[in-house]
Amino acid sequence: MPETVGDYLLKRLRDWGVEEVFSYPGDGINGIVAAFEKSGNEPRFVQSRHEEMSAFQAVGYAKFSGRVGVCMATSGPGAIHLLNGLYDAKLDHVPVVAIVGQTARSAMGGHYQQEVDLQSLYKDVASEYVVEVNVAEQLPNAIDRAMRTAEASRAPTAVIIPADLQEEEYTPPQHAFKHVPSSPPSSARSVMVPPEDELARAADVLNAGEKVAVLIGQGARNAADEVRQVAEVTGAGVAKALLGKDVLPDDLPYVTGSIGLLGTRPSYELMRDCDTLLIVGSNFPYTQFMPEFGQARAVQIDIDGGLIGMRYPTEVNLVGEAKGTLRALLPLLRHKQDRSWRETIEQNVADWWDTMEQQAMLEAKPVNPIRVVHELSPRIPEDAIVTADSGSSTNWYARNLKMRGRMRGSLSGTLATMGPGVPYAIGAKFAHPDRPVIALVGDGAMQMNGLAELITIARYQKLWKNPCLVVCVFHNNDLNQVTWELRAMGGSPKFEESQAIPDISYADVARSLGLDAVAVETPDALGDAWDRVLAADRPAVLDVRCDPEVPPIPPHATFEQMKSTAESVLKGDPNAWHLMLQGAKTKVQEFIPNRR
């Protein structure tokens, strides 16, 4: 039997080391699906419940493996469904290749069923590279360029293959005009380091500072040791953008935690009081959480020159890889003898963790959501992978989860879309089947798509060497983040018709699928519940009934935000008095004297 285009596609993916393709079938990719069967399912076809979940799974796989994630969908509706996950990859700079079917070439332009102009549709999301393959000879170059571009640009790319072409006999490109060959799959990597004079300028700025702050993002992940050395030499504190939460562990006394609306008070104070700022591998967008303009001299390091100097008026911009650039910079830095700035930072951090414990132990109706993560932190394995969804639960991931050891964590950092928590966890589990994975997900995201993906978890659980995959549901029957945004930003009371969601038992759904499950309705049961699900012999759901009125208060709540929230209460918020009580109890913990 001759080799088809679909057969060759899978062979080329195997050559690239691709082990999973996250997908959902459809007749626009029938020729490729048939090739999976002939190949003995190598690479593995991982069937999600929806193409959007396939894209999220590929993003999660790429984020936690460091390799290119691959997703696939049929023409028309399937291709459209991939878009949200691919935009998540684009905005968070994640390498993903989308393989998309298309109507037969003979029908193109004929307003045929499911015919969509996919090149136009994907032009933005796959702006680095999108191509439609119309003859077999195009295929090697198209696949190779898609893989190489995704890896080099840290971006999604797309290859569109018409349905009829997939079943045609594969013929390679010739040594002839208008044929484009391709070299064998390989990863080419270089280390970019700025010139010596620019490094010297940066060192002059950092050496002149007395109160140095460092802000790191995911671009600093390969430079954790170097960031530590810079912090030690300069006496700096280190704040983390949310996508860089796992770059440094939180048990380092000078690590102030997350920054921004979901950040910590020590990070706010670090930026408020510093006179020098070093930004490494971060495109954190909220300038209001950085030093006042004119307050601090600033240096930025980023591998992408197009993103540098655009968030803060930086004096020196170093375009280069974080690790190589910091290694070249370190010999030029002078060790600061005065450690008073560092001592202040460390005291602020210690006090903050005391405050977080006090907030977590406050009574609520029925369970304080802060305590859910507080009880997880000392129990979570040091090699765990944590995924978080978008919602009020993200606050507790950002502020309360202590990263340590080899822990990894991520979420939809820039698009901040709902729904990636569970599919990210599935992608992470395929990337690291030997590591425990925990997804922290609100009940809104579970009802949006997480419930369906429990079916995917149940289906593939036996492939994972370590059975630990825990989906923790913050169950409050409220689209809670938007409820608080309505209160704080617009002074509007909670609108039940838009915010309340149906009450179901997530534990019961999990049990019906053969997964383990624990339902928690009292705070004292949380510790034992975490112990059980983390030690379970199969994936598990932890269903925690949380109080929706525990406020996700920013580290520096403005007068206008507090005024708007008060106005929402006066306008008749349905949970007004409980809301006011929980808000007051939570915020006052920040001002109670240290009780250690």
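Q: How many residues does the largest nonpolar core have, and which helix gives the most to this core?
A: In this predicted model, the residues with the most contacts inside the largest nonpolar core are L82, V96, Y122, M446, I457 and V471. The core has 56 residues. The helix that gives the most to this core, with eight residues, is α3 (residues 51-65).

Q: Which residues does M446 contact, leaving aside its neighbours within four places in sequence?
A: M446 belongs to the residues with the most contacts inside the largest nonpolar core, and V471 is listed there as well. V471 is also a contact of M446. With sequence neighbours within four places left aside, the contacts of M446 are V422, V441, L451, L454, V471, V473 and Y506.

Q: How many residues are in the other core, which lies apart from the largest one?
A: Nonpolar side chains tend to be buried together in soluble globular proteins. Here another core lies apart from the largest one, and L243, L262, A398 and L526 are among its members. Its residue count is 39.

Q: Which strands are the edge strands of the six-stranded open sheet?
A: The strand order is β2-β1-β3-β4-β6-β5, with parallel pairing, and the twist from one strand to the next averages 20 degrees. An edge strand pairs on one side only. The edge strands are β2 (44-47) and β5 (130-132).

Q: Which residue in β6 stands opposite E132?
A: Strand β5 covers residues 130-132, and β5 pairs with β6 (residues 156-162) in the parallel sense over three bridges. The residue of β6 opposite E132 is I160.

Q: How many of the eight residues of helix α14 are buried, and which are they?
A: Helix α14 (residues 369-376) is mostly covered, with seven of its eight residues buried. The cover includes α13 (340-360), α15 (393-400), β15 (437-442), β16 (469-475), α21 (526-534) and β18 (540-545). The buried residues are P369, I370, R371, V372, V373, E375 and L376.

Q: Which side chain reaches the backbone nitrogen of I370 at the start of α14?
A: I370 is one of the buried residues of α14. A side-chain oxygen comes to within 3.0 Å of its backbone nitrogen, and that oxygen belongs to N368.

Q: Is H432 buried or exposed, and which backbone oxygen does its side chain reach?
A: H432 is placed in the loop between α16 (421-431) and β15. Because its relative accessibility is 19%, H432 counts as buried. Not counting residues up to four places away in sequence, H432 touches F64, S65 and I385. Its side chain reaches, at 2.6 Å, the backbone oxygen of F64.

Q: Which side chain forms a polar contact with that of S182?
A: S182 lies in the loop between α8 (163-166) and α9 (196-208), and at 25% relative accessibility it counts as partly exposed. Beyond four places in sequence, S182 touches R12, P140, N141, D144 and R148. The polar contact, 2.5 Å long, is with the side chain of D144.

Q: Why is C546 not bonded to C472?
A: A search of the whole structure finds zero disulfides. Both cysteines are buried: C472 has a relative accessible area of 0%, and C546 has 4%. The cysteine sulfur closest to that of C546 is in C472, but the two are too far apart for a bond, because their separation is 7.2 Å.

Conventions:
Residues numbered from 1 in each chain as written. Predicted model: local features only at pLDDT ≥ 70, side-chain atom pairs only at ≥ 80, totals over all residues. Heavy atoms only, no water. Disulfide = S-S within 2.5 Å. Buried < 20%, exposed > 50% of the residue type's maximum accessible area, 1.4 Å probe, protein only. Helix = DSSP H or I, 4+ residues; strand = E, 2+ residues; numbered from the N terminus. Contact = heavy atoms within 4.5 Å. Polar contact = N/O pair within 3.5 Å; in protein donor to acceptor, adjacent residues only side chain to side chain. Pairing = 2+ DSSP bridges. Axes fitted to C-alpha atoms, helices over the stretch in contact; angles between N-to-C directions. Core = buried A, V, L, I, M, F, W, Y, C linked by side-chain atoms within 4.5 Å.
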